[in-house]
Amino acid sequence: MPDYTELHNAVMAKMDFKSFFRHLGLELFPDDKVDPDGWVLARGCTFTRGEIYVNIGAHAGGWREPITKADGTIYQFVNRQMNRAPDDAVAALRVMCEYVGVPFGDEDIPSADSAMVVTPAAWSKFWVEKESKERLRVTAGITPQTCERYQIGFGKIKGRPYFLVPVPDEGGRIRAIRMIDENYSGRWMRRFPEGGPLEMSPKIFGLNELKTRNWKNVIICDNEFDRILLMQELKNDEWGALSLTDGWVRGWNSFLEGRHVVLCFSTLPKTFYAAQSIVGPLIDMARREEKILGLKLLKLPLADTPEDCRVYHWFKGGGTTANLMKLIHWAPEYSIPGRKCAKDQVKALVSFAEIEDPKNSDLHVRVPLTVIGETATIYDSPTKFRVAHCQRIQDGKCNECLDETFSIDVGRDEHLEACGSSKAHIEKLCQRLCCRWKQHPTIEILEKGTFREVLSTQYHQRLVDRPHEEHENLMIDGRYERQIQRKVVVRVPEGQPEPIQPRGYMATGWIRTNPKNSARTMIVESLEPIPEPYEDFNFKSNLDHLMYLKSLGWSAITQDLIEHRTQIYDCDEIILINLLTYCSPLHINFLGEQGIRGWVTAAIIGDTGVGKSRTFEKLSEIIGIGDIFSCNSGRRTGLTYAVVTLDRKWTCQAGLHPLNTRKILCVEEAQELPREELKSMGEAMEKGQLNINQVARESYESKTRIIFNSNPLGGRTLEHYPYGCMTLKELFVPAFIRRLDMVAFIRKLDDYQKYNERRVTNAQPKVSQEALRALVFFAWSIPPERIQFEDDEAILAAANRLSAKYGHCDDLPLVLPSVYRKTIARLAAAWAILDLSSKDELQTISVTPGHVNLVEKFLDGLYSAEACALDRYSDLAVRQRSMDDYRALEVELKGWLDPKRDRADQGYNPYGKLLYCLSIGTSYNRRDLNRMVGVSDAWMASALATLAAHYLITDGEGGRISITPKYQRFFKEFERKNPVESGVIRASGKVELNA
């Protein structure tokens, strides 16, 4: 082992601490700031934040912070800069030895140069085999061509398999070999070799390619694996990528001269802020010296968790190169944190809530937001004007605005003040802008801009409207923050009269204070729609995932998700309904009709604790899309729409139903939905358009896949009902029920021990998150012409069979014969997509008779199950309308209406009067009928019981009695065959009316 005392003395004899501190990333102030003892004021750029004093004189190497009063030796400072243990003096000494060129002298550990220099010929024995290349391609996205290009090898270290990558540094030497543990599907691990020399000093990789290809645009990331993926996906001579280790060295600025630079670090807060504090100030200094053309800091829209924070996760999650270029285009120019942006700079805000921060006032910003509504206010504001006449100019006292055209930039407060202002007031605004002498010249408006007022809130990918244990605020993209709603003013581009649709946008504009009410608002100059992940779905790059799922089949996919994701057993109906809803296309073409609704709406009604909510939550977490609205904690207006007043103006506010158009929404505790809301929502579910015709009028696209999770009303269970399907009548109105494509009724298990059975599987999950996400996005992006039905007659036959069995109950139109063929068609299309049924490598989806048969069996099993019993309920409706008992009832009624009994000689009969009153068609309660007919309660109860026994009357809402369709058919036939008795009924009514 080396003699550390001698090494220390040798290093100190050759060390120039002034240059060494700059090598570690410090920006030293000018020499006139040096005091007699050699202390220099410097600015820290790595783990040292703010200002710091370093010594280059009498006590060379020492350091101290003026704020915290902390100090230490050069060894501690080196370790601090390199994020190492502060007491590891040996590691720090090794770094200093390397800097001054003193051999460290460690015989037991090979040096970096001797151990790491690897030639392609020597490395070829480690190249990955065909099976390993396939694994890298499927699980990590690395193609075989990339393996060969970067000499990715395969070997074992201490018995564990690793993928190895030789990485040349900025000097052209292979100083580190990064490796990926095969057991973790592409997870980047640590430097190689294990137990070998630690790379303490910062390194930059990819410079060889930068020099040979001369990229004009450079993406800098903090991970070599991310760099390799970027180089694979960019495929453009204009773009390249570099990667870093342990910070930035000032001398590397020269590598970036004449290029545009994009910093794309991990989105984890610690690493992302390090990108600002480490790389930003140094490259910003180079930019001020005009050495680089521009600098942007890119934050990818990821979950900010270790499992979803890197460029690797971006491409694995379905991100495309085209979408990455859009995000880079949207990213603002970088500015040093703490400094105000110049006029030509745009400050990037992470959340729309940041407009409330006073330090952002009057800044030009770029922020993602969600438009949730639009007011009826559309107004014009002058953007260019001139002075037509001024008395001061005419008198020769001024010529400042003579022949001058004045422009009002989009970000000026005057555009806010112009809203609702009169023509005279707008003219005063222009006079105030052009004349410093406070004159009142005549103004001529040359150009006007059109502005709209819209209601906005924070942009989110997934919004769960449920309270959290520790936070009352909502969780938006992994952050808890209070949801705000603000009215913003948008400059409408010329030739765009259409309304601004509710969705996510990247807004660029100015944060201003409204001169009228002092409210902080935003003037938006441009709204760029933020593409949803499914909108940028790349079929070719996800073909491997899809073909793999095709080989599994729908049954294996379902069982794998049950075993490894939901753990909800003996209730396969729940996950099948969720998967079919997720995999339903937007539109289908069937029987010559184009653009039929393809999105599925479903309901799951069950007892508490059967797994309704857990199944959707797990699937939405895996796929990354799927909003949840709870009717317990959310208002009705949060689901569909609200009409609210803002500054005494009525405006429509879109709820989660239209905001999730073309996506999916789960409505929890649906039994709490007001019945009056179901009618308008049912129409939107069918037509895909939510129309609002109240004080304010608006129309929102609402092509939303919906799953309603509900419990029976009143805390009851399905066992409380003779027919479980009757719960649907209590929850929803018939117009809403007929829009539901399928409904499952789930009872809790009778054998409670099954809930606590140990179900252990040692098998690895077959369905990965990326594969399931690709399946859903494929379903959402497939056009209707690529969905082909092989046998239309099979669908029609299945619709006829199910309608004959379940379609007779008018009060529960779950199976509506007139339109049920379309329901079968859309469910069969969703099942075919889930099964990835295709004969041409997924260029088209083939809906086979087998899929129709699966849908028919599935629906038949749902509706004939003991928990539902829709078949028996439908059979009851058939019996209620049947005329088989006509003869028996006819004889009984003739006895009631005998002219020889009960004042029939006076033209009055109480039975006739009762039948006459019911025939009018009005619903009555028993007290009203007793008063009209004039009989006792016992008599009325007996008569009504007889009619009810033959299904001629029914008790409706509130116990009111009304006649059934069978009553109408029966008495039409009765009047035709029995004119005498019919005359008694009419005469009884006439006598009573004349009386």
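A pocket, as the word is used on this tour, is found on a 1 Å grid over the protein atoms alone: it is an open set of points with protein on both sides within 12 Å along at least five of seven lines, and its lining residues have an atom within 4 Å of a point. Grid points are joined across faces, edges and corners, and a volume is the space filled by probe spheres set on the points.

The model on screen is predicted, so local features are described only at pLDDT of at least 70 and side-chain atom pairs only at pLDDT 80 or more, while totals for chains, interfaces and linings use all residues. Residues are numbered from 1 along each chain as its sequence is written, and side-chain values use heavy atoms, with hydrogens and water left out.

**The whole chain**

Begin with the cartoon of the protein chain, which has 35 helices and 39 strands; these are DSSP runs numbered from the N terminus, with helices (H or I) of at least four residues and strands (E) of at least two. Of the 995 residues in the chain, 52% are buried, where buried means under 20% relative accessible area with a 1.4 Å probe and protein chains only. Among contacts between residues at least 6 apart in sequence, 68% join residues at least 24 apart, a contact being heavy atoms within 4.5 Å.

**An antiparallel sheet**

Select strands β1 to β5, which form an open sheet in the order β1-β2-β3-β4-β5 with antiparallel pairing; two strands pair if DSSP finds at least two bridges between them. At the edges are β1 (27-28) and β5 (71-72), each of which pairs on one side only. Between β1 and β2 there are two bridges, and Glu27 has Arg43 in β2 as its bridge partner. Strand β2 (residues 39-43) is joined to β3 (residues 51-55) by five bridges, with Ala42 partnered by Ile52. From β3, two bridges lead on to β4 (residues 63-64), where Trp63 is the bridge partner of Val54.

**A mixed sheet and its helix**

Move next to the open sheet of five strands in the order β10-β12-β11-β13-β14, in which the pairing is mixed. Here β10 (203-205) and β14 (294-297) each have a single partner strand, so one side of each is left without a neighbour in the sheet. From one strand to the next the twist averages 25 degrees, taken between axes that are lines fitted to C-alpha atoms (for helices, over the stretch in contact), with angles running from 0 to 180 degrees between N-to-C directions.

Strand β10 pairs with β12 (residues 239-245) in the antiparallel sense over three bridges, and Ile204 stands opposite Leu244. Now show helix α10 (residues 224-234), which packs on the sheet and touches β10, β11 (217-221) and β12, its direction making about 175 degrees with that of β12.

At the other edge, β13 (residues 260-263) runs parallel to β14 and is joined to it by four bridges, one of the pairs being Val261 with Leu295. Both faces of β14 are covered, since Gly294 and Lys296 on one side and Leu295 and Leu297 on the other are all buried.

**The second largest pocket**

Return to α10, because it is one of the elements that give two or more residues to the lining of the second largest pocket, together with α7 (130-140), α12 (311-316) and α17 (543-552). The second largest pocket has a volume of about 610 Å³. Of its 21 lining residues, those closest to its centre are Gly141, Gln232, Glu233, Ser541 and Asn542. By class, the lining has four nonpolar residues (Ala, Val, Leu, Ile, Met, Phe, Trp, Tyr, Cys and Pro), six charged (Asp, Glu, Lys and Arg) and 11 polar, which takes in the others, Gly among them.

**Two buried residues**

Select Cys430 in helix α16 (residues 423-434), which counts as buried at 1% relative accessibility. Leaving aside neighbours within four places in sequence, Cys430 is in contact with Pro382, Phe385, Ile443 and Ile445.

Then select Ser846 in strand β37 (residues 845-847), which counts as buried at 5% relative accessibility. Not counting residues up to four places away in sequence, Ser846 touches Gln788, Glu790, Ala832, Ser837, Ser838, Lys839 and His851.

**Last stop: helix α32**

In helix α32 (residues 926-933), show Asp928, Leu929, Asn930 and Val933, which are buried; what covers the buried residues of α32 includes α31 (910-919), α33 (937-949) and β39 (961-963). Just after α32, Gly934 takes a positive phi of about 75 degrees.

Notes. On a 1 Å grid over the protein atoms alone, a cavity is a set of points where a 1.4 Å probe fits but cannot get out, and a pocket is an open set with protein on both sides within 12 Å along at least five of seven lines; lining residues have an atom within 4 Å of a point. Buried means under 20% relative accessible area, exposed over 50%, partly exposed in between (1.4 Å probe, protein chains only).
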